[in-house]
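Have the sequence and the 3D view open side by side while reading. The paragraphs below go from a pocket to charged pairs, then to a single residue, and end with the cysteines.

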Amino acid sequence: VPTGRLLASNCFQCHGTNGRGPGFDRLAGKPAAELYRELKEYQAGDEGSGLMAKHAWGYTDAQLRALSQYLARQR
């Protein structure tokens with residue numbers, strides 16, 4: 001199992017399998033840089049301290065990059 005997929009599996013509960021929805025925002029196919037930036041904003045608390053911030057706090061920078069790259073490759 002690729003590291004990115006394993007890390008992203010935590011996202012699937014709300015964002016659908018491989019980030020394809022339905023549910024919250026569709027993550028599949030979004031640019032990796034955009035996903036990474038959004039996750040870093042959550043991690044920094046720029047988007048509040050809600051559920052996404054709590055999830056983002058649990059990842060290292062390298063893990064956020066791997067997760068973002070995995071989701072960007074999904075279609």
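How much space lies in the largest pocket? The model shown is a predicted one, and in it the largest pocket holds about 420 Å³ of space. Rolling a probe the size of a water molecule over the atoms is what shows where empty space is left.

The lining of this largest pocket is made by 20 residues. Those that lie nearest the centre of the pocket are H15, L27, L39, Y42 and M52. To find the walls in the 3D view, look for helix 2 (12-15), helix 3 (32-44), helix 4 (51-57) and helix 5 (61-73), the elements that give two or more residues each to the lining. In chemical character, 13 of the lining residues are nonpolar, four are polar and three are charged.

Next come the charged side chains. The count of salt bridges comes to five. One of them joins E41 to R37, with N and O 3.1 Å apart. Both residues belong to helix 3, where they are four residues apart, about one turn of the helix. E41 has a relative accessible area of 24% and is therefore partly exposed. R37 is also partly exposed, at 40% relative accessibility.

A second pair to look at is K40 and D61, whose side chains meet in a salt bridge of 3.3 Å, N to O. What does this pair tie together? K40 is in helix 3 and D61 is in helix 5, so the salt bridge ties together parts that are 21 residues apart in sequence. Both ends of the pair are partly exposed: K40 has 28% relative accessibility, and D61 has 33%.

D61 also forms a salt bridge with R65, and here the closest N and O atoms are 3.4 Å apart. R65 and D61 are separated by about one helical turn, because they are four residues apart in helix 5. R65 is partly exposed, with a relative accessible area of 41%. Elsewhere, K30, E34 and E38 are joined into one network by salt bridges that share partners.

Now turn to A53, which has its place in helix 4. Is A53 buried or exposed? Its relative accessible area is 1%, so A53 counts as buried. If neighbours within four places in sequence are left aside, A53 is in contact with Y42 and G48. Y42 has already appeared among the residues nearest the centre of the largest pocket. For a sense of distance, A53 and L35 are 18 residues apart in sequence, and their C-alpha atoms are 14 Å apart in space.

The last topic is the cysteines. How many disulfides does a search of the whole structure find? The search finds zero. C11 is in no disulfide, and the nearest cysteine sulfur to it, that of C14, is 8.9 Å away. Why does C14 form no bond with C11? The two sulfurs are too far apart for a bond, because 8.9 Å separates them, whereas a disulfide needs sulfur atoms within 2.5 Å. The surroundings of these cysteines can be described by accessibility too. C11 is buried, with a relative accessible area of 16%, while C14 is partly exposed at 29%.

Notes: Residues numbered from 1 in each chain as written. Predicted model: local features only at pLDDT ≥ 70, side-chain atom pairs only at ≥ 80, totals over all residues. Heavy atoms only, no water. Buried < 20%, exposed > 50% of the residue type's maximum accessible area, 1.4 Å probe, protein only. 1 Å grid on protein atoms, 1.4 Å probe; cavity = no way out; pocket = protein on both sides within 12 Å on 5 of 7 lines; lining within 4 Å. Points joined across faces, edges and corners; volume = space filled by probe spheres on them. Nonpolar A, V, L, I, M, F, W, Y, C, P; charged D, E, K, R; others polar. Salt bridge = Lys/Arg side-chain N within 4 Å of Asp/Glu carboxyl O. Contact = heavy atoms within 4.5 Å.
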